[in-house]
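The following paragraphs lead through a structure with the sequence and the three-dimensional view at hand. Please keep both open while reading.

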Protein chains: 2
Amino acid sequence: MKPLRRAETTFSDDTALANITYNDKYVVVYDFSKVDDDVAIKEFTALLKDLQSVGLNTEVRPGYDQSLLVFIQAPRELLGNTVYKSRVKDWLYGITKHHPGGNASSSVSAAFEAEDVLSMHHLVNWRKDLGGAGVTPGFDRWENVTAIFPLHNHRTNHQLLAHLSTRIFLSLEDLDQIRDLWGAKVAFYFAFIQTYFRSLAFPCVAGILAWVLLPKYSLLFAVVIGIWCTVFLEYWKIKELDLALRWNVRGVGALKTNRPQFRYEKEIIDSAGRLRQHFPRWKRILRQSMVIPFVLVSTLVLGILITFVFIIETFISEAYEGSYKFYLEYFPTVLLAIFLPYATNILETTAATMTEYENHRTDDSHEMSLTQKIFILNSVTNYLPIFLTAFLYVPFGGQLIDLLEDFIDRTLGGKRWSDISFKTDPERLRNEVIALTLTGQVSSAVEELVFPWLKMQAKQWWRDRQAAQAHRRGVSGYQTSADDPSEAHFLRRTRKQALRPIYNVQDDIAEMVIQFGYLALFSPVWPLIPIGFFINNWFELRSDFLKICIEYQRPAPSRSDGIGPWVASLESLTWLGSISSAAIVHLFGSHKYIGHYMGLSTWASLPITILISEHIFMGFRAAVRFALAKIGSEQTRKESAESYARRRKYLDELEANADKPSRLDVTERERRKSVRINAADLFWTRQAEEGTSERTGISIIKLAKGAQAEAKADGQDNKKSKDL
Amino acid sequence: MKPLRRAETTFSDDTALANITYNDKYVVVYDFSKVDDDVAIKEFTALLKDLQSVGLNTEVRPGYDQSLLVFIQAPRELLGNTVYKSRVKDWLYGITKHHPGGNASSSVSAAFEAEDVLSMHHLVNWRKDLGGAGVTPGFDRWENVTAIFPLHNHRTNHQLLAHLSTRIFLSLEDLDQIRDLWGAKVAFYFAFIQTYFRSLAFPCVAGILAWVLLPKYSLLFAVVIGIWCTVFLEYWKIKELDLALRWNVRGVGALKTNRPQFRYEKEIIDSAGRLRQHFPRWKRILRQSMVIPFVLVSTLVLGILITFVFIIETFISEAYEGSYKFYLEYFPTVLLAIFLPYATNILETTAATMTEYENHRTDDSHEMSLTQKIFILNSVTNYLPIFLTAFLYVPFGGQLIDLLEDFIDRTLGGKRWSDISFKTDPERLRNEVIALTLTGQVSSAVEELVFPWLKMQAKQWWRDRQAAQAHRRGVSGYQTSADDPSEAHFLRRTRKQALRPIYNVQDDIAEMVIQFGYLALFSPVWPLIPIGFFINNWFELRSDFLKICIEYQRPAPSRSDGIGPWVASLESLTWLGSISSAAIVHLFGSHKYIGHYMGLSTWASLPITILISEHIFMGFRAAVRFALAKIGSEQTRKESAESYARRRKYLDELEANADKPSRLDVTERERRKSVRINAADLFWTRQAEEGTSERTGISIIKLAKGAQAEAKADGQDNKKSKDL
């Protein structure tokens, strides 16, 4: 048996368990507070039986309140074999190109921690017929299992965070390390934010130059940012593919198993003799189409709310003349920036329910559908205020306020608001964007890092207090105080982790995509936006890393071959940007447009500007795609060279193992002449003797050339005789 | 040795060679008219040597004029082995999923004629290091080899044509037969025209209804055709994939060899140790970018020519009052329809030269680049006249004519053309489209079928006459008259085939794509267009089949996995159609548009209409793609089921061959307790005995529940004591 890898140093506060390995451990949290002890004992016994039936070792300790922590450890052979089988499956599904060798009882060491942890997850979570214990938290039989999670590897977390904090840009090896720790799916988020962060350097420089040199709402700057967005996206797609090949996860979606929540209508046996759980496609498409009214209604509701905030603001800025007016003027905008995340939250819950109703077969497809809904909602909540400001409030604000005044006059009667004289303020748009992006960054940092941390501290303080009280009352025989001193620290840590929520990488990607959207859609409004983003993202990457370490359970190291449908979202934003930026420059900029020369008003010529801008964008995108497709991906080339070498080797072996098909031998030649003589074959026997074809051909050439010479001579003779 | 397949019946006019097999024969035409007999003999000897060195049998006969026909036949073993190797290569490159079995000297029978013929082609044409004789017509050493081609299988051609003529729609089996005869690339064209023809039934019905019920330039009809175009295209993409899987050609592009015309700058050895001929990518991209000025100049030149024709027409229709005015009025349009193919021809030659200059590595890539240029040129020549009519001539014709009159007045002086009073004629557009599409169909039929046939007949008559004259003069010892009577008919036939041009399937696809374009771009102009197309295409399919049989050399049965870049062309046309149709309906129709309600003029509101139409189209297309992707391809599902079955089998074998990884056995359990005792592992040994975990958990549950009950009782006691 191979020795397990162990950490070499010992933490002073954690002597007993410092050298623990993390790759072969998992924790199941069983909460029996909602059931009687009879039921609890039955469920718990079944849980242990299921886990042990797979071959896992268990250690049970009390958790907080009425919960049990079931520590799970896999014997080296079992885990090694599971990893091996997973690799064979990868090979069978074409995800890796090399068969790992060995047979069904082979046991291999994982190449990195996350590979082991993923196999641990499968052992605990997968259905029994797939070789797992089938423990699915919160579902069906395991309704009272609140969580299954791997233990955080504090030492590696700490080292990696320290390392990341000293670097400006991450190297490929740094990303590899994140993949080794948390798996490809989470690592792809860090790869994305890293690529995006690095690419942001360009718009930062361009932004400073534009701020110094160019007029406000500059066309040139909008074009530069549009180009950057397009190139960045195409570059990321190549990068994503490169990483997927580097991490051997290309096409990994193909081997995802059914979600346990998937409800099928009937089971059918398909042509491959496999039992398939069938849910009609048209039904799912129909259910998915519900998203359209949902989006429309959300947009309407949010639109009304935002307009309401605008009205308050206008009254403050126009009617209010007291102190702090400057600060109060920004108050509604700040209010909006704080209030919007909550609105998003509510709608996201609705979206989750809808996605559940859509009944997807795999987790991937479920997540993809949810992700896209969330993206649409996030877009609405984030960008709608700016769109309203740019295309409604600033140009038509005056008329709207007049209407409102009339309305108030009529309802409140008599009282005139003659002191409100609204004037259109183009600075309004700029302030709006600055406020939303900057306060957005700050509030999201607070929301992500500070709030949850405070919440968790409070929760834990409450539990500790409860436990202490219970202990004081002398009723608790199972609480922390009873822990073995050598385990106490380890158990306290695990109990804390058990309380934490599950990390969802999609939320973090969504945040970046929304940020990218501000840039793509509203870049001409304020050219310095990218600088704020650039600084923010350096911290964002590190704080997200820290967040996972200290606020979430260690994520199960799922694999994926990229950031999935977010690429499509980024593409839509870039596209929309070609429309939105053009419209903003058209309305607010000081340029002359094609429409002007046709004698059209600003508004009437807007569609022309949009039409031109959008088509230039699409043409440029096609050109970039064409060029980048030609240049291609380094990793793809490497892979194709490898598979060529493999093929070459195979063909060489094939050649070596067999005798060359020789030239027509004498027997064959004789047969050709004698045996197969029939009408059809007669033709092919005439020149069977070696050299006959050659002699025939040569004689024809000579004859022909001779005839030609003769004819020529004849002609000359004729000519001569004529001449004479 | 297996007996060769032979035709069973005998044609009365071709008794001796009726039973010939076609799968193992090839013909090389060597023309020595341009060289001396010394050179000719040297080249010819080298040719024979190269062919024989591969193991091919040869028979030499005189051709027309100063040329030789080298008949090539492959021994069964050699051909069978070549086919076998080709199948192994397919498997290695992932084109087929099953290894064919056997070893390097295996010999297999082809599944269909074209498979053998393709291997024959490779034996004759491929480079020597790839196992061929390296004979490349018209290139380098083989400059005087004018053609290499397989012999037409007259009997099968005849049977298949007769069969096709009795059917309205082709079945999959019919397409299989075409594939069996001429290979996948040509068969894909027939599959496309067949699918397109069948799908046209819908616009035909819609067109009749629109003609009867709807107003002219109907919005509804334009929308219906837009939807049809989109759905048809997405359907074809699935169909194409289905056929590629059915014919085992999916991804066949990967194993294409270098073009002999490819000029590399240096040879490099890549990471797989393979010698690669390198030509810098940026250089090719740069050269390809030359296409932009080329397209601009062609468009300009053609635009000027077309405008010129328009002016003649206007003068005829306005100033001319003599007899036949009605017919003369159409004269310029007809002139244009006849003249345009020739203009196209010249530009296509330029495009071919440019593509040659781009120096593509593979024939596929070369063909793709050329194809796309030709498509653009064809689009310009075909659609520009209609665009000019719709958006320039009809709306602004009056002004243009006025300008022209002024110009003529000033240059010719005094003479007033006061009798010319131009009136805008919206019928003009309709007539233009009808004339161009209908005369286009007829003229292309004449151009494709009648002209070449006449040309060929003339050419042959001339050669026969020459030969007869030479014979009369008694100078020819090598001409037809000297043929062995049993071979005479066969040789005459082959000589004719040697004179024929090479068939290029891209021309025929281009024709269909252009036709589709008329529908996509100008459908609202005349709703009956699809009916003409429907009728034409029934004949087109059969006449194209006939054309290949009687006017072209039998095509080398290349493989491809679809109609390639034409799909992108069709997509562009559908897209453009969403703009063009909208504009036509907007300008000529009698509907009210959004712009009207904004108080904008027809022209000022045109961009709004286009903007809306285009985005509706893109949204609809996205929806169709989404839905069809969900429903997916039947063949793809079948394939995935097959590969699942294969994987399942493999995994089952793996399971069966090895002993199950058992549950933790006693030894392991003992080891867990004793050997690995150290600080880190201590934790995991505590509950190593079976049942300990369970007992521990149960006791915790009981304790906790007990404590809870106690606390509750306490609480009630406290409450009671308070109450008291």
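Two residues are taken to be in contact if their C-beta atoms, placed from the backbone, lie within 7 Å. The model is a predicted one, and the description below begins where helices of two chains meet before turning to the sheets and to the helix pairs of chain A.

By that criterion, Ala604(A), Pro607(A), Ile608(A), Ile610(A) and Leu611(A) in α19(A) meet Ala604(B), Pro607(B), Ile608(B), Ile610(B) and Leu611(B) in α18(B). Sorted by class, this contact of α19(A) with α18(B) has 10 nonpolar residues, with no polar and no charged ones. The two helices are α19 of chain A, residues 602-631, and α18 of chain B, residues 602-631, and they pack with their axes 8 Å apart at an angle of about 45°. Angles that are neither under 35 degrees, nor over 145, nor from 65 to 115 count as oblique, and α19(A) is therefore oblique to α18(B). The handedness of the crossing of α19(A) and α18(B) is left-handed.

Attention can now move to the N-terminal part of chain A, where UniProt, in an unreviewed entry, places the feature "domain: Anoctamin alpha-beta plait" at residues 24-145. Over residues 24-145 of chain A, helix accounts for 39% of the chain and strand for 17%, while the C-alpha atoms at the two ends are 20 Å apart.

How are the strands of chain A ordered in the open sheet? The sheet has 4 strands, arranged β2-β3-β1-β4, and their pairing is antiparallel. Because β2 (57-62) and β4 (145-149) of chain A each have a single partner strand, they stand at the edges, and one side of each is left without a neighbour in the sheet. From one strand to the next, the twist averages 20°. Strand β1 of chain A, residues 25-31, is joined to β4(A) by 4 bridges, and the two run antiparallel; within this part of the sheet, Val27(A) stands opposite Phe149(A) in β4(A). Helix α3 of chain A, residues 113-125, packs on the sheet and touches β1, β3 (67-73) and β4 of chain A, its direction making about 35° with that of β1(A).

In chain B, 4 strands form an open sheet in the order β2-β3-β1-β4, with antiparallel pairing. Here β2 (57-62) and β4 (145-149) of chain B are at the edges, each with a single partner strand, so one side of each is left without a neighbour in the sheet. Between β1 (residues 25-31) and β3 (residues 67-73) of chain B there are 7 bridges, and these strands run antiparallel. Asp31(B) stands opposite Ser67(B) in β3(B). Helix α3 of chain B, residues 113-125, packs on the sheet, where it touches β1, β3 and β4 of chain B and has a direction that makes about 35° with that of β1(B).

Returning to chain A, the UniProt entry, which is unreviewed, places the feature "transmembrane region" at residues 186-211, 217-236, 291-312, 332-354 and 375-396. Over residues 186-211 the chain is 96% helix and 0% strand, with the end C-alpha atoms 36 Å apart. Over residues 217-236 the chain is 90% helix and 0% strand, and the end C-alpha atoms are 28 Å apart.

Two helix pairs within chain A complete the path. The axes of α4 (residues 154-165) and α16 (residues 529-551) of chain A come within 10 Å and cross at roughly 170°, which means that α4(A) is roughly antiparallel to α16(A). In this pair, Asn157(A), Leu161(A), Leu164(A) and Ser165(A) in α4(A) meet Arg542(A), Phe545(A), Leu546(A) and Cys549(A) in α16(A), and the residues of the contact divide into 5 nonpolar, 2 polar and 1 charged.

The other pair consists of α15 (residues 505-522) and α17 (residues 566-588) of chain A, whose axes come within 7 Å and cross at roughly 25°. These helices, α15(A) and α17(A), are therefore roughly parallel to each other, and their crossing is right-handed. The residues of α15(A) that meet α17(A) include Ile509(A), Val513(A) and Phe516(A), while those of α17(A) include Trp566(A), Leu570(A) and Leu573(A). By class, the contact of α15(A) with α17(A) has 11 nonpolar, 6 polar and no charged residues.

Notes:
Residues are numbered from 1 along each chain as its sequence is written. Chains are lettered from A and ligands numbered from 1 in the order in which they are written. This is a predicted model: local features need pLDDT of at least 70, side-chain atom pairs count only at pLDDT 80 or more; totals for chains, interfaces and linings use all residues. UniProt positions are given in the numbering used here, feature names are shortened, and annotations may be inferred rather than shown by experiment. Axes are lines fitted to C-alpha atoms, for helices over the stretch in contact, and angles run from 0 to 180 degrees between N-to-C directions. A crossing is left-handed if the near helix is turned anticlockwise from the far one by less than a right angle, and right-handed if clockwise. Ala, Val, Leu, Ile, Met, Phe, Trp, Tyr, Cys and Pro count as nonpolar, Asp, Glu, Lys and Arg as charged, and the others, Gly among them, as polar. Two strands pair if DSSP finds at least two bridges between them.
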